[in-house]
Amino acid sequence: AAAPEKAEQNRYPAAADREARNPAELLPLVWAGGSMVTALAILFSNLHFYGRLRHSRKLVGQEGKLTVYQCRWLETPCLFGLLSPAIYIGEMGEERELRHVLCHERMHHRQGDHLWSLLRSVCLVLHWYNPLVWVAFVLACKDMEMSCDEAVIRKLGENVRADYSASLLTLATGHRIIAGT
């Protein structure tokens with residue numbers, strides 16, 4: 001009677017192994033899968049955005065070491081690119097707004113925000129399972145923008161604070177904002 005039982009076990013060795021396997025052994029596979037999905041999502045998102053920028057950009061000029069392009073569909077100006085970043089702008093209204101936007105994007109470059117963005121993305125890939133890392137990612141992006149705004153105001157002087165704020169609000173809302181005193 002023992003022989004048929006042993007034959008039954010040998011016929012399905014994978015099932016016997018599965019029953020004896022510790023579920024914690026699967027955690028590295030789950031982590032690797034989540035990291036892979038997160039990395040691919042970030043990569044494809046950036047490649048798609050780059051493709052849209054590349055196919056619709058029009059050269060505007062140089063701003064220091066940075067090339068400036070215009071993409072009519074772009075709602076928010078940005079610094080994009082890792083090895084050779086460039087400034088991308090949408091439709092710009094007044095010369096004053098353009099000056100503020102270019103100063104803001106140059107400041108992002110000066111502070112290395114394109115590199116910090118890569119580091120934030122690596123943190124998300126490695127710690128995709130941790131909701132605090134996602135919160136930190138969002139807060140770090142907001143801090144980066146506020147730091148950049150503060151640096152621009154320091155560079156341009158306190159007397160431009162109202163005009164600079166009006167430029168930011170105009171870009172954010174799409175409606176002309178008149179600076180108050």
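In which handedness of crossing does helix 4 pass helix 6? The crossing is right-handed. Keep in mind that what you are looking at is a predicted model. Helix 4 covers residues 95–110 and helix 6 covers residues 131–156, and the two pack at an angle of about 115 degrees. Their axes sit 9 Å apart. If you want to find the contact on screen, on the helix 4 side pick out His-100, Cys-103, His-104, Arg-106, Met-107, His-108 and Arg-110. On the helix 6 side, the partners are Met-144, Glu-145, Cys-148, Asp-149, Ala-151, Val-152, Lys-155 and Leu-156. Sorted by class, this contact of helix 4 with helix 6 is a mixture: seven nonpolar, three polar and five charged residues.

Now step back to the whole chain. It has seven helices and four strands. Going from the N terminus, the order of elements is α-α-α-β-β-β-β-α-α-α-α. There are 181 residues in the protein chain, and 30% of them count as buried. Take the contacts in the chain with a separation of 6 or more: 49% of these come from residues 24 or more positions apart.

Next, the strands. The four of them make an open sheet with the order 1-2-4-3 and mixed pairing. Strand 1 (58–63) and strand 3 (78–80) each have a single partner strand, so they stand at the edges with one side lacking a neighbour in the sheet. From one strand to the next, the twist averages 30 degrees.

Let's walk across the sheet in that order. Strand 1 and strand 2 run antiparallel and are joined by five bridges. Along this pairing, Gly-61 stands opposite Val-68 in strand 2, and Glu-63 has Leu-66 as its bridge partner. Strand 1 and strand 2 form a hairpin with two residues between the strands, and in this hairpin Gly-64 takes a positive phi near 70 degrees.

The step from strand 2 to strand 4 is where the parallel sense comes in: these strands pair that way over four bridges. One place to look is Gln-70, whose bridge partner in strand 4 is Ile-89. After that comes strand 4 (residues 86–89) with strand 3, an antiparallel pair joined by three bridges. Here Phe-80 stands opposite Ala-86 in strand 4. Helix 3 (residues 27–56) packs on the sheet and touches strand 1, strand 2 (66–70), strand 3 and strand 4. The direction of helix 3 makes about 105 degrees with that of strand 3.

Strand 2 deserves a second look. How many of its five residues are buried? The count is five of five, and the strand is mostly covered. In a regular strand, side chains alternate between the two faces of the sheet. In strand 2, Leu-66, Val-68 and Gln-70 point one way while Thr-67 and Tyr-69 point the other, and all are buried.

Finally, the rings. The structure holds five aromatic pairs. One of them is Phe-49 with Phe-80, an edge-to-face pair at 5.1 Å centre to centre and 75 degrees between the planes. This pair links distant parts of the chain, since Phe-49 is in helix 3 and Phe-80 in strand 3, 31 residues apart. Are these two rings' residues buried or exposed? Phe-49 has a relative accessible area of 24%, so it is partly exposed. Phe-80 is at 16%, so it counts as buried; the cut-off for buried is under 20%.

Tyr-69 and Tyr-88 form another aromatic pair, this one stacked, at 5.3 Å centre to centre and 20 degrees between the planes. It too links distant parts of the chain, with Tyr-69 in strand 2 and Tyr-88 in strand 4, 19 residues apart. Tyr-69 counts as buried because its relative accessibility is 16%, and Tyr-88 counts as buried at 2%. To round off the tour, select Phe-49, Tyr-50, Trp-73 and Phe-80 together: ring pairs link them into a cluster.

Definitions and conventions
Residues are numbered from 1 along each chain as its sequence is written. This is a predicted model: local features need pLDDT of at least 70, side-chain atom pairs count only at pLDDT 80 or more; totals for chains, interfaces and linings use all residues. Side-chain values use heavy atoms; hydrogens and water are left out. Two strands pair if DSSP finds at least two bridges between them. Axes are lines fitted to C-alpha atoms, for helices over the stretch in contact, and angles run from 0 to 180 degrees between N-to-C directions. Contact means heavy atoms within 4.5 Å. A crossing is left-handed if the near helix is turned anticlockwise from the far one by less than a right angle, and right-handed if clockwise. Ala, Val, Leu, Ile, Met, Phe, Trp, Tyr, Cys and Pro count as nonpolar, Asp, Glu, Lys and Arg as charged, and the others, Gly among them, as polar. Rings of Phe, Tyr and Trp (its six-membered ring) pair if their centres lie within 6.5 Å; planes under 30 degrees apart count as stacked, over 60 as edge-to-face and the rest as tilted. Buried means under 20% relative accessible area, exposed over 50%, partly exposed in between (1.4 Å probe, protein chains only).
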